[in-house]
Amino acid sequence: MVTTESSTVGGDRFRHEALMYEGSADLLAQTSRFIMEGLDAGEPTFVVIDSATIGALGARIGPHPLLSFADMAVVGVNPARIIPAWRSFVDEHDADQPLRGIGQPIWAERSTQELAECERHESLLNLAFAGSANMWLLCPYDVSTLDTATLGVAERTHPSITDRRGPRPSEAYLGLDAARAPFGAPLPEAPATALAMSFDADSLAAARTWAAERAITLGLTADRTDDLVLALGEVATNSLRHGGGRGTVRLWSVDGSVVCEVRDAGSITDPLVGRSRPEPDQEGGFGLWLANQLCDLVQIRVIPGGSVVRLHVRLS
């Protein structure tokens with residue numbers, strides 16, 4: 001049960017809380033109560049959730065000038081796009097204005113790779129908004145459809161949990177140090193059929209052409225191939241500038257997506273890389289941001305001796 005009693009951790013103005021609910025009726029009851037309490041207190045509220053729940057909440061609550069919605073299937077198809085959406089919401093209001101949000105990035109139909117990135121996203125929320133947002137963000141998890149391992153994500157990435165017993169601190173919460181740490185969770189091995197090409201400054205153009213040809217052969221449309229190759233160019237350029245001047249690109253298809261991987265000898269140290277919208281006059285920082293806007297999933301890992309970026313684009 002959601003309650004307005006404070007459960008912030010360490011006095012932080014950003015309250016990140018997981019809501020354990022059971023089924024759509026319970027979700028509607030608890031989220032509508034949370035929203036209406038905020039609206040009655042004059043708190044702007046942004047709800048990023050599935051379209052069916054948006055419709056049900058809109059019918060129950062009605063239009064309100066302080067309430068806005070967005071479809072998570074659009075905003076969060078790539079989980080790395082969600083933090084920028086919350087940042088835009090926060091930046092639209094005065095720093096001292098209390099805000100509320102509901103965000104549900106995790107649902108049962110997410111793929112294993114998407115769930116891994118959603119867990120990273122949930123962890124990074126604590127880092128992105130620590131001390132800088134006066135916002136209560138509620139993240140629903142359906143205990144009737146999610147497995148135990150996925151429900152464990154909520155415990156590890158949220159300082160507090162709300163369930164039928166009320167709010168409580170999460171004993172499994174990993175804290176900000178875990179969010180800051182280089183992300184080295186293992187990736188699935190590429191299939192034996194994956195094709196590879198090394199590149200440097202002289203052969204980058206050839207690598208882009210090679211990748212385009214391979215992607216088309218694997219069934220990607222021309223438009224989406226253009227998106228993938230543009231993202232590849234941005235990531236590979238980072239390899240030339242920061243990854244030892246060379247790298248390796250590999251392509252394969254799996255689970256209805258074309259995957260393009262870039263490995264190099266560089267080190268990625270910013271945990272929020274690709275999740276902060278670059279300023280127009282900023283020098284650098286555009287490559288992974290653009291890749292996240294173009295691709296359906298981007299996986300960034302720190303590995304022994306370098307880093308790896310995987311770009312996923314769906315075949316349909």
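How many residues does helix H8 (residues 204-217) have, and how far does H8 reach from its first C-alpha to its last? Helix H8 has 14 residues and reaches 20 Å, close to the 20 Å expected at 1.5 Å a residue. Please keep in mind as you look around that this is a predicted model. The protein has 10 helices and 12 strands, and buried residues make up 50% of its 316 residues. Here is a short tour, starting with the overall build and ending with a few individual residues.

**Overall build**

- A compact globule of 316 residues would have a radius of gyration near 20 Å, and the 21 Å of the protein agrees with that.
- Taken along the principal axes, the C-alpha atoms fill a box of roughly 60 × 35 × 35 Å.
- Among contacts with a separation of 6 or more, 69% join residues that are 24 or more positions apart.
- About 14,200 Å² of the protein is exposed, and carbon and sulfur atoms supply 53% of that area.

**Helix H8 and its surroundings**

- Leu 204, Ala 207, Trp 210, Ala 211 and Ala 215 are the buried residues of H8.
- Seen down the helix axis, these buried residues fall within an arc of 130°, so they line one face of H8.
- Ala 205 and Thr 217, on the other side of H8, are exposed.
- The cover over the buried residues of H8 includes strand S8 (195-200), helix H9 (222-242) and strand S9 (246-254).
- Just after H8 comes Gly 219, which takes a positive phi of about 105°.

**The nonpolar cores**

- The largest nonpolar core has 34 residues. Those with the most contacts inside this core are Val 48, Ile 83, Trp 86, Ile 106, Phe 129, Met 135 and Tyr 141.
- Strands S1 (15-21), S2 (45-49) and S5 (135-142) are among the elements that give two or more residues to this core. Helices H3 (72-75), H4 (82-91), H5 (112-129) and H6 (148-157) are also among those elements.
- H5 gives the most to this core, with seven residues.
- Met 135 is a handy place to start exploring. Leaving aside neighbours within four places in sequence, Met 135 is in contact with Arg 13, Phe 14, Arg 15, Trp 86, Phe 89, Val 90, Leu 99, Arg 100 and Gly 101.
- Apart from the largest core lies another core of 26 residues. Its members include Ala 215, Ala 231, Leu 232 and Ala 236. Ala 215 is also one of the buried residues of H8.

**Two residues to look up: Ala 179 and Asp 255**

- Ala 179 is found in helix H7 (residues 176-180). Is Ala 179 buried or exposed? Its relative accessibility is 0%, so Ala 179 counts as buried.
- Not counting residues up to four places away in sequence, Ala 179 touches Arg 120, Ser 123, Leu 124, Leu 127 and Pro 271.
- Ala 179 and Leu 272 are 93 residues apart along the chain, and their C-alpha atoms are separated by 9.2 Å.
- Asp 255 has its place in the loop between S9 and strand S10 (257-264).
- The phi of Asp 255 is near 50°, a positive value in a residue other than glycine.
- With a relative accessible area of 77%, Asp 255 is exposed.

Definitions and conventions. Residues are numbered from 1 along each chain as its sequence is written. This is a predicted model: local features need pLDDT of at least 70, side-chain atom pairs count only at pLDDT 80 or more; totals for chains, interfaces and linings use all residues. Side-chain values use heavy atoms; hydrogens and water are left out. Helices (H or I, at least four residues) and strands (E, at least two) are DSSP runs, numbered from the N terminus. The expected span of a helix is 1.5 Å times one less than its number of residues. Buried means under 20% relative accessible area, exposed over 50%, partly exposed in between (1.4 Å probe, protein chains only). The arc is that of the directions from the helix axis to the C-beta atoms. Contact means heavy atoms within 4.5 Å. A nonpolar core is a set of buried Ala, Val, Leu, Ile, Met, Phe, Trp, Tyr and Cys residues joined through side-chain atoms within 4.5 Å. The radius of gyration is taken over C-alpha atoms; the globule rule is 2.2 Å times the number of residues to the power 0.38. Accessible areas come from the Shrake-Rupley method with a 1.4 Å probe; for residues, only the protein chains shown count as cover.
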